[in-house]
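Me: I have a structure open and would like to learn how to read its features one by one. Where should we begin?
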Amino acid sequence: MELICTLIVFLPLVGSIGAGLFDVTRKTAHRLTIVSVGTSFFLSAYIFKLVALDGILPFSNNSSNVLTLYQWMTLGKINLEIGFLVDALTAMMMVTVTFVSWMVHIYTIGYMKDDEHNWLNNSLAGKYSYQRFFSYISLFTFSMLMLVMSNNFLQLFFGWEAVGLVSYLLIGFWLQRDTAVYANLKAFLVNRVGDFGFLLGIAAVLMYFNTLDYKEVFLLAPSLENLNIEIFPGSEWSAITVICILLFIGAMGKSAQVPLHVWLPDSMEGPTPISALIHAATMVTAGIFMVARMSPLYELSSTALSFILIIGATTALFMGFLGLVQHDIKRVVAYSTLSQLGYMTVALGASAYTAGVFHLMTHAFFKALLFLGAGSVIIAMHHEQDMRKMGGLRKYLPITYITTLLGSLALIGTPFFSGFFSKDAIIEVVHFADTQGRFGAGFAYIALLLGVFITALYSFRMFFLTFHGKERMDEHTKEHLHEPPFVVTVPLVLLAIPSVFIGGLALETMLYSDFFKSSIYIMQEHQAFHDYHGVVSFVLHGLTQPPFWLALAGVLTAYFLYIQWTELPALIQARFSTIHSILMDKYGFDRFNDWFIAGGARKIGNVFSAIGDMKIIDGFFVNGTANVVGVFSQIFRRMQTGLLYQYAFSMIIGLLVLLVWFVHF
Amino acid sequence: MNIPMSDLYVLLPEIFVLTMACIILIVAVYIPKQLMELNYHLAQVTVIGAAILTLTNLTESSSIVMNNMFIHDPMSILLKAFIYLITFTVFLYSRQYLRARDLYKGEYFVLSLTALLGMQIMVSAAHFLSLYLGLELLSLSLYAMVAMWRDSKQASEAAMKYFVLGALASGMLLYGMSMFYGITGTLELQKISEVIATGKIENTLLAFSLVFIMVGVAFKLGAVPFHMWVPDVYQGAPTAMTLFISAAPKLAAFAMLMRLLVDGLQGLHTDWQGMLMIMAILSMGLGNIVAIAQTNIKRMLAYSTISHIGFLLLGVLTATKEGYSASMFYTIVYALMSMGSFGMILLLSRAGFEAENIDDFKGLNERSPWYAFIMMILMLSMAGVPPMLGFWAKWSVLNQVVASGFVWLAVVAVLFSVIGAFFYLRIIRLMYVDKPEDLTKIVVAADMRIAISINGLGILALGLFPQILFQLCMNVF
């Protein structure tokens with residue numbers, strides 16, 4: 001199985017190199033990448049069956065789940081290596097990532113077909129944009145697999161940065177648009193803040209554990225539980241808490257948690273397939289995955305868990321509000337993603353890593369579906385994304401309509417749809433954590449309940465505005481409205497299936513069995529999932545709980561506001577104009593960042609540049625030393641006169657110097 | 001003087017090379033001009049044959065044969081193996097160049113093979129006499145090779161300088177050896193070592209003799225201040241000869257250093273440590289700084305050689321086994337890189353044109369991206385940029401220097417390396433940023449194209465898996 005795992009990771013890389021670095025036709029590019037990622041998916045499914053379902057250890061003749069593929073170097077006792085850790089958690093991530101990626105690859109054929117229209121005439125960048133796009137998404141798949149399959153922090157960091165890089169490249173894919181370049185720069189910079197914390201966290205792990213290997217770190221973790229360190233004189237911190245919070249800051253950047261969430265809505269500047277793949281289904285969940293993977297560390301620090309809980313709950317509720325006022329169809333889905341990431345984070349903070357990962361998986365399917373559905377609408381509308389110019393699309397796009405409906409139902413947590421199980425589990429577990437007295441859980445519980453209502457409201461607002469009601473598009477667009485080709489609709493259908501069923505199917509395995517026992521560690525007293533009585537009783541129990549009724553209320557509200565009394569939203573907006581403007585302003589995060597952080601950094605930077613860089617470093621050190629070396633070079637050069645007797649003389653001098661220096665007469 | 005047959009068996013590679021050199025000498029006189037290729041093939045067969053003979057006689061321990069003249073140990077096997085590899089590649093690289101200049105004659109191969117024989121003997125020397133004979137055999141062949149291109153005034157001048165200075169250095173080395181003979185009463189390195197270990201001999205006397213030995217070794221290596229011949233000979237000699245001089249003989253010179261200082265004079269290591277330290281610092285400093293001012297790439301690489309020699313002395317001066325392995329690793333890596341770099345110069349040269357100015361590399365990327373890429377690997381490796389092999393060579397030496405407590409020395413070495421990175425990177429900049437001045441098509445024979453690609457990619461590949469080569473060097477000591 002060593003070979004299979006290696007193939008799973010490296011096939012997408014081969015596809016990416018083949019499509020990106022060689023002069024291939026469009027057909028070759030998409031065939032090559034689709035076949036390689038598809039093979040990766042089937043092999044992952046095979047591994048999933050063996051590892052997760054049959055419980056076989058994959059490596060060294062079924063005796064280990066860790067494999068060292070390549071040892072880069074050894075520094076003292078620290079091994080820097082590339083290796084795999086394949087257990088149930090990894091296998092689940094591998095299947096999810098490769099499946100969604102494969103669907104997105106196929107979908108892209110349709111979405112990028114007319115991509116030359118997005119480029120200025122005759123630009124060289126536009127000529128190969130199709131091939132480049134396939135190369136990038138395959139490269140992303142490779143990076144993401146490296147991240148999830150890693151067995152050490154160094155490779156985790158490699159994957160972390162690599163997915164960030166590809167995300168940067170893809171947000172700015174249409175590099176001739178200023179907004180795209182602005183958005184990718186923003187994503188890059190905000191992630192830098194998170195990655196700085198992440199890197200410090202890894203450095204702290206190295207400092208206190210003296211190793212970067214997961215297994216060794218987890219083994220040593222309990223022995224460091226009571227170690228306190230002094231960050232500032234006089235303030236004592238538990239080392240584990242510091243490590244956990246630093247690592248979580250990395251996760252906040254990557255998984256877009258408040259206040260590092262600002263890049264995700266702007267990332268919608270990229271083509272829709274990558275919004276689905278990277279900014280909804282996989283990359284943004286890397287932070288969730290990472291915290292789940294590090295559960296043996298996080299379990300030791302209730303401070304860090306409370307911190308996570310509060311951040312997550314804030315994100316889940318307040319980002320949901322913003323989804324209510326957006327007009328761009330993709331932005332609504334983007335804010336919904338932010339809010340759902342908040343839900344997953346809350347689950348982590350409540351020690352229910354399994355529930356977080358469960359929601360991660362179901363969310364990957366239905367959110368990818370919603371994004372691709374939105375993309376399908378955008379294709380049909382000729383790249384119009386404003387919902388105010390849509391409406392009544394149901395009869396033109398029947399497949400998109402049905403699949404989007406299924407995706408929305410899953411998202412808001414309709415009983416028996418997959419989102420219902422994962423979201424209900426999270427809300428239950430937060431309630432449980434509250435009864436256990438975890439700090440922040442009470443707030444989180446209320447935030448999540450309110451969030452359910454908001455989720456249903458914005459989801460169905462989008463749904464009704466797009467597919468129902470008056471047809472508000474112009475005549476020209478209306479004439480050309482038709483369902484996009486098969487390559488677009490087939491992935492929608494294939495994603496709709498797991499969106500509906502996967503929750504019910506996986507509920508027992510993932511939450512109520514030993515499925516994650518080998519990969520996720522939860523302390524005995526933090527265990528929330530005990531009694532399981534089958535899917536039906538889980539649903540029946542759910543029907544008696546507030547989330548179901550809140551979701552129903554949300555859908556009804558949306559129905560009345562956007563189908564029945566369509567003049568009402570404008571009135572509400574006028575009545576509560578202050579709140580509306582705060583929401584439109586996105587709570588002012590962007591303004592604050594632009595003014596204080598970006599502006600301030602530029603001011604300080606200018607000062608440092610003028611004095612520190614130009615004068616001291618460039619003027620004195622760089623050019624100064626270069627000049628001195630140059631002068632010496634010219635002087636010494638003269639010593640090489642070309643005259644034989646002088647050469648011989650210098651040898652004699654050398655001999656005499658050595659004699660005088662070392663022989664003590 | 002009774003020599004058992006088993007001793008001759010150990011000596012088979014040397015005997016084979018000698019015999020073949022004689023055969024080629026005769027063949028070259030009698031074959032018609034259209035069969036000149038035969039010389040080349042015979043020479044390559046010789047190298048391969050010697051390699052087979054050496055590698056079929058592997059050993060873990062060391063044995064001294066031929067009346068204690070000749071040592072057969074893992075170090076000699078490893079160094080010889082690389083000397084064969086390099087000689088083989090050098091023949092291959094030089095073919096086109098020599099043919100274009102009417103130097104593709106039997107003499108070249110005979111001289112190269114006698115030089116090879118000299119190196120083999122130096123590497124396996126266990127006795128002052130065999131060491132000296134090997135050294136002279138190598139040196140005399142090299143003098144003649146530099147002078148071989150009689151039409152070139154530069155080459156003749158270089159050969160003259162090389163010969164006179166070489167004779168001076170040989171004289172000093174011989175003087176040092178005779179002093180040791182006078183002191184210890186023996187010429188065998190092992191016995192000298194035993195006599196010194198008794199501690200009955202006055203140190204002043206030993207140190208005095210050691211200085212003369214050191215001058216001889218330093219000259220051969222080209223360490224400052226005994227380096228003056230290096231730039232002139234590298235520049236003056238036909239590039240194919242420079243290629244030969246710059247690669248394999250450095251391995252032999254390293255072996256000489258090890259045989260003399262470690263096998264023979266280990267007891268004086270406190271003395272030679274200091275001498276090597278001075279020479280190492282001076283070599284690194286002068287080599288790196290003066291290289292910046294050069295416009296001729298052969299001359300620039302000559303100064304780069306001097307700086308690399310300084311670096312390899314660092315490993316030896318730690319006087320530990322790990323240090324020796326690191327230095328050996330460094331020497332082998334250096335020889336491989338140097339071979340590739342001069343190979344690239346040969347590749348760009350053609351009939352009537354010597355690509356010896358740095359500006360000849362301008363815009364190479366536009367003329368041939370692949371060769372520009374190979375050259376970039378070589379230059380990055382020379383500068384010591386990870387993950388190239390050159391980085392690991394520098395790293396392993398510095399590691400040992402630090403482990404021996406000379407942190408300041410490591411800092412000095414790194415600083416000079418930073419200065420040195422400038423001129424390697426300048427080549428890369430010229431290749432990739434500037435426009436080409438010379439647009440002649442680069443015509444390269446298939447064998448050379450493959451060989452130089454393997455050379456360049458090998459540096460990269462071994463850099464990704466440095467343990468392979470490093471482990472070989474570790475196992476020697």
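Reply: Begin with strand pairing: look at which way two neighbouring strands run and count the bridges. In this predicted model, S1(A) and S2(A) run antiparallel and are joined by 8 bridges.

Me: Which residue of S2(A) is the bridge partner of A:Thr68?
Reply: A:Thr68 is bridged to A:Gly83 in S2(A).

Me: How many residues lie between S1(A) and S2(A) in the hairpin?
Reply: There are 2 residues between the strands of this hairpin, and A:Gly76 in the turn has a positive phi of about 60°.

Me: How many of the 8 residues of strand S2 of chain A are buried?
Reply: For burial, look at relative accessible area; under 20% counts as buried. In strand S2 (residues 78–85) of chain A, 6 of the 8 residues are buried, so the strand is largely enclosed by the rest of the structure.

Me: What about a single residue: is B:Ser94 buried or exposed?
Reply: B:Ser94 is buried, because its relative accessible area is 0%. This serine sits in helix H4 (residues 74–100) of chain B. Leaving out residues up to four places away in sequence, B:Ser94 touches B:Tyr108, B:Ala240, B:Leu243 and B:Leu346.

Me: Which class does A:Ile611 fall into, by relative accessibility?
Reply: A:Ile611 has 47% relative accessibility, so it counts as partly exposed. It belongs to helix H26 of chain A. For a sense of distance, its C-alpha atom is 62 Å from that of A:Ile402, a residue 209 positions away along the chain.

Me: Now the backbone. Which residues have a positive phi although they are not glycine?
Reply: Check the phi value, then the residue type, then the location. A:Asn62 is one of them, with a positive phi of about 60°. It is located in the loop between helix H2 (26–53) and S1 of chain A, and it counts as partly exposed because its relative accessibility is 46%. B:Ala319 is another non-glycine residue with a positive phi, about 55°. It occupies the loop between helix H14 (297–317) and helix H15 (321–348) of chain B. B:Ala319 has a relative accessible area of 19%, so it is buried.

Me: Where are the cis peptide bonds from B:Val224 and B:Pro386?
Reply: Read omega for each bond. The bond from B:Val224 to B:Pro225 is cis, with omega near 5°, and B:Pro225 is in the loop between helix H9 (203–221) and helix H10 (229–236) of chain B. The bond from B:Pro386 to B:Pro387 is also cis, with omega near 5°. B:Pro387 is in the loop between helix H17 (369–383) and helix H18 (389–403) of chain B.

Me: Last, the interface. How many residues does each chain bring to the contact?
Reply: Start with the residue counts and buried area, then turn to the polar pairs. Chain A contributes 29 residues and chain B contributes 37 residues. Together they bury about 3000 Å², with 79% of that on carbon and sulfur atoms. On the chain A side, A:Gln640, A:Met651 and A:Phe662 lose the most area to chain B, together 22% of what that side buries. The count of salt bridges between the chains is 0, while 9 residue pairs are in polar contact across the interface.

Me: Which element supplies the largest share of the side of chain A that touches chain B?
Reply: Strand S1 (66–75), helix H26 (589–639) and helix H27 (644–662) each supply at least two residues. The largest share, 12 residues, comes from H27(A). By class, this side of chain A has 20 nonpolar, 8 polar and 1 charged residues.

How values were computed: Residues numbered from 1 in each chain as written. Chains lettered and ligands numbered in written order. Predicted model: local features only at pLDDT ≥ 70, side-chain atom pairs only at ≥ 80, totals over all residues. Heavy atoms only, no water. Contact = heavy atoms within 4.5 Å. Buried area = accessible area lost by both parts, 1.4 Å probe. Salt bridge = Lys/Arg side-chain N within 4 Å of Asp/Glu carboxyl O. Polar contact = N/O pair within 3.5 Å; in protein donor to acceptor, adjacent residues only side chain to side chain. Helix = DSSP H or I, 4+ residues; strand = E, 2+ residues; numbered from the N terminus. Nonpolar A, V, L, I, M, F, W, Y, C, P; charged D, E, K, R; others polar. Buried < 20%, exposed > 50% of the residue type's maximum accessible area, 1.4 Å probe, protein only. Pairing = 2+ DSSP bridges.
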